[in-house]
Amino acid sequence: MIAADTLIQAARMATMPPDEARLVADLKAGRKEAFDRLVELHYDRLHRLAFTMTGSDEDAADLVQETFLAAMKSAGNFRGDARLTTWLIAILRNRFTLHLRSRRKWRHAPVEAAGAVRAPESQPAVRPAVAAILERVRTLPEELRTALVLFYLEGMKYAEIAEAMECPVGTVRSRLFEARERLKKMLEGAMP
Amino acid sequence: MTCDEAIRAIEAMLDGEIESGERFQLEAHLAGCEACRREVEERRAFSDRLGRSLHETLGAAAPKARPVVRPPTRVPWMRIAAVLLVGVIVGYAGTTSRLFQATPAEARDVANLLALKDGYEREERSLASRLEKAAGALDHQVSRTREGALRDVGSIGVANAAMGLAGREPMALPQEPAQRGPYVARKLSSPDWAVRGQAVKAMRTLSAGEMSQLKEKVVLLNGANRDLVELVALSIDPLSEPAIDVSVEAQNLKTRFVQYRDGRVRVERAGAGGPEVYEAANVIEFRGAHPVVTANLRLQGVDGDVVVGGVRQKSAAVSSRPAAYAPAVLWGTPAGSSERAVMAMTYQALVTDLARSGLKSEEAESRATQIVDLIRAGSGVPSTAVRADPARVEIHLTAVRLWDRTRLVAERERLQEEVALLRQHLAENERRLDYVRTAQETLKAAVR
């Protein structure tokens with residue numbers, strides 16, 4: 001049985017892009033440069049997702065930081081049967097849930113921050129109609145919001161989203177459907 | 001494939017995630033269903049716009065300066081130091097880049113609005129405590145007034161004040177319909193005015209059946225609440241049976257005079273151009289609205305106790321309560337009209353009460369007019385002026401001047417709405433307080 005598991009894992013590692021396979025190996029070996037590279041590759045993506053969850057830059061930065069630290073700590077457990085992206089997203093979501101349970105700090109964030117849409121200062125101001133959409137997106141339950149962001153912003157396939165969200169592919173499909181249905185109802189007449 | 005299944009399949013297809021078997025079924029369905037073919041285009045457009053909007057808002061949401069993330073080492077204090085260092089670096093980078101910017105006009109607007117909001121909230125708290133005190137005094141006064149129209153005026157004043165103290169959250173009612181009436185009855189007697197107000201508001205959501213269950217609990221309620229429940233029950237369930245129904249000759253015309261149990265008056269007579277019908281909510285209103293018919297009928301008296309064509313008609317079944325006004329006042333008619341309703345109700349209650357205490361109807365009316373004029377002279381809705389405290393503006397300004405423009409603009413919009421809501425609520429409660437005082441004066445004047 002052990003031999004079979006190892007074989008399957010090796011096969012999965014083989015399907016991983018070579019850069020990523022190397023990075024995973026370095027992470028498991030505890031190399032500091034690997035950690036820097038991991039942050040460099042995935043920071044923006046995780047921050048975007050964390051921002052939709054928490055509704056503020058500061059909280060998102062904290063959440064991402066915790067995610068990377070947790071990832072580093074458990075790199076040895078990374079089995080290589082998932083992509084690094086989906087593994088990190090799964091950790092991020094777990095950290096977010098932990099916060100929800102323990103501190104209830106994030107729970108109120110989407111509502112409080114709903115009116116405070118932020119964009120980097122160098123960017124032109126976000127059009128009000130677009131800001132209104134983001135506001136509605138923030139009112140969706142976390143699992144619907146995350147599915148939307150992973151699909152539209154990260155360009156992930158259903159199967160990848162399923163892996164990141166630790167659920168069946170069919171659930172991803174119905175979550176995206178549900179999210180769009182709800183938004184359509186909320187946004188009737190408000191779309192740019 | 002049903003249309004429902006087709007719509008889900010269309011979304012998967014647009015997402016590029018449909019399997020060949022399902023695609024085949026979908027295409028077969030689309031060939032014969034025009035509605036679903038339209039759905040394809042609509043959903044494609046929606047999905048595109050959603051994607052574009054998300055990219056526009058969140059695609060660039062990552063911060064310019066990425067915080068330094070360091071892996072944990074084996075020594076905990078090193079990790080603590082690293083985290084602290086990150087905090088210092090991020091904090092420093094964040095402040096130096098923004099500290100020397102000039103204060104944008106939007107920041108000043110937001111700080112002003114925040115200070116204004118503080119002012120309104122403070123004023124609201126102070127007004128709420130005055131309203132609570134006045135409502136408590138009126139409640140006590142009501143419990144010492146004999147039952148009748150005047151006491152109703154007081155009871156509605158108490159309920160009106162409670163609604164103003166209820167807050168924005170509606171009361172969560174039990175799932176089981178049979179429990180709702182008794183539940184609201186219990187909450188009506190709550191010592192907490194906010195809960196009491198929520199219960200008053202909840203009454204309007206009860207069905208007629210639930211309302212009658214609430215009415216069964218009426219014996220358990222204290223003075224003002226008992227009257228209120230009876231009035232609401234009266235207004236929900238109009239008593240539409242005639243209590244007085246007489247035919248008289250007036251100016252050689254056969255005329256029918258009807259007063260229903262809820263006080264409504266209806267006069268029918270044969271006119272030159274066919275049958276004519278005149279109606280009003282009660283006798284007093286009728287006499288005001290149709291003076292010629294009143295003169296022809298020689299109509300005198302108040303509800304339940306009227307003289308029609310020289311013949312006295314008495315009916316205990318006419319409730320002689322200002323039921324027709326109760327819903328209008330209770331459920332918060334828009335600004336302006338509620339005062340008139342309150343005054344009309346007060347006047348009617350005074351006339352009824354004075355007439356019952358032995359005055360002739362003309363005397364009762366003239367005395368009621370005097371009292372109402374006295375009350376009017378002594379009251380008037382005060383409008384509290386709320387201004388932004390300059391010291392508070394400065395405090396808020398230090399916090400918001402570091403925000404970016406988008407956030408400021410969005411916050412300004414949100415605050416404008418919030419302040420408008422607070423202003424509206426404050427004005428409503430000022431009117432409620434005015435009503436409570438009017439009711440207090442009315443009860444006092446009637447005793448004199």
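Begin by selecting Val308 of chain B, which stands opposite Val311(B) in strand β7(B). The model on display is a predicted one, and this pair of valines is the entry point to a small tour of chain B and of one contact with chain A.

**Stop 1: the strands around Val308(B)**

Extend the selection to residues 305-308 of chain B, which form strand β6, and to residues 311-314 of chain B, which form strand β7. These two strands pair in the antiparallel sense over four bridges. A second position to display is Val307(B), which stands opposite Arg312(B) in β7(B). Between β6(B) and β7(B) lie two residues, and the strands form a hairpin. In that turn, select Gly309(B): its phi is positive, at about 60°.

Now move to the other partner of β6(B). Residues 300-302 of chain B are strand β5, and β5(B) pairs with β6(B) in the antiparallel sense over three bridges. For a bridge to highlight, take Gly301(B), whose partner in β6(B) is Val306(B). Here, too, the strands form a hairpin with two residues between them. The residue to inspect in this turn is Gly304(B), with a positive phi of about 80°.

With β5, β6 and β7 of chain B shown together, an open sheet of three strands appears, in the order β5-β6-β7 and with antiparallel pairing. Which strands are at the edges of this sheet? They are β5 and β7 of chain B, each of which pairs on one side only. From one strand to the next, the twist averages 25°. To examine the pairing itself, display the backbone: strands of a sheet pair through backbone hydrogen bonds, either parallel or antiparallel.

**Stop 2: two helices of chain B**

Next, select residues 177-188 of chain B (helix α7) and residues 193-203 of chain B (helix α8). Their axes are 8 Å apart, and the helices pack at an angle of about 145°. The crossing of α7(B) past α8(B) is left-handed. On the α7(B) side, show Val184(B), Lys187(B) and Leu188(B); on the α8(B) side, the contact residues include Val195(B), Arg196(B), Gln198(B) and Met203(B). By class, this contact has six nonpolar residues, one polar residue and two charged residues.

**Stop 3: Lys201(B)**

Remain in helix α8 of chain B and select Lys201(B). Is this lysine buried or exposed? Lys201(B) has 20 other C-beta atoms within 10 Å, and it therefore counts as buried. Leaving aside neighbours within four places in sequence, its contacts are Met163(B), Ala166(B), Pro170(B) and Met171(B). For a distance label, join the C-alpha atoms of Lys201(B) and Met163(B): they are separated by 6.6 Å, although the residues are 38 apart along the chain.

**Stop 4: from chain A to chain B**

Select residues 169-187 of chain A, helix α10, together with residues 3-14 of chain B, helix α1. The two axes come within 10 Å and cross at roughly 100°. The helices α10(A) and α1(B) are therefore roughly perpendicular to each other. Show Arg173(A), Leu176(A), Phe177(A) and Arg180(A) from α10(A), with Arg8(B), Glu11(B) and Ala12(B) from α1(B), as these residues make the contact. Its composition is three nonpolar, no polar and four charged residues.

**Stop 5: chain B as a whole**

Finally, display all of chain B, whose secondary structure comes to 17 helices and seven strands. Of its 448 residues, 36% count as buried. Among contacts in chain B with a separation of 6 or more, 66% are accounted for by residues 24 or more positions apart.

Definitions and conventions: Residues numbered from 1 in each chain as written. Chains lettered and ligands numbered in written order. Predicted model: local features only at pLDDT ≥ 70, side-chain atom pairs only at ≥ 80, totals over all residues. Axes fitted to C-alpha atoms, helices over the stretch in contact; angles between N-to-C directions. Parallel < 35°, antiparallel > 145°, perpendicular 65-115°, else oblique. Contact = placed C-beta atoms within 7 Å. Nonpolar A, V, L, I, M, F, W, Y, C, P; charged D, E, K, R; others polar. Pairing = 2+ DSSP bridges. Buried ≥ 20, exposed ≤ 12 C-beta atoms within 10 Å, placed from the backbone. Left-handed = near helix turned anticlockwise from the far one by under 90°.
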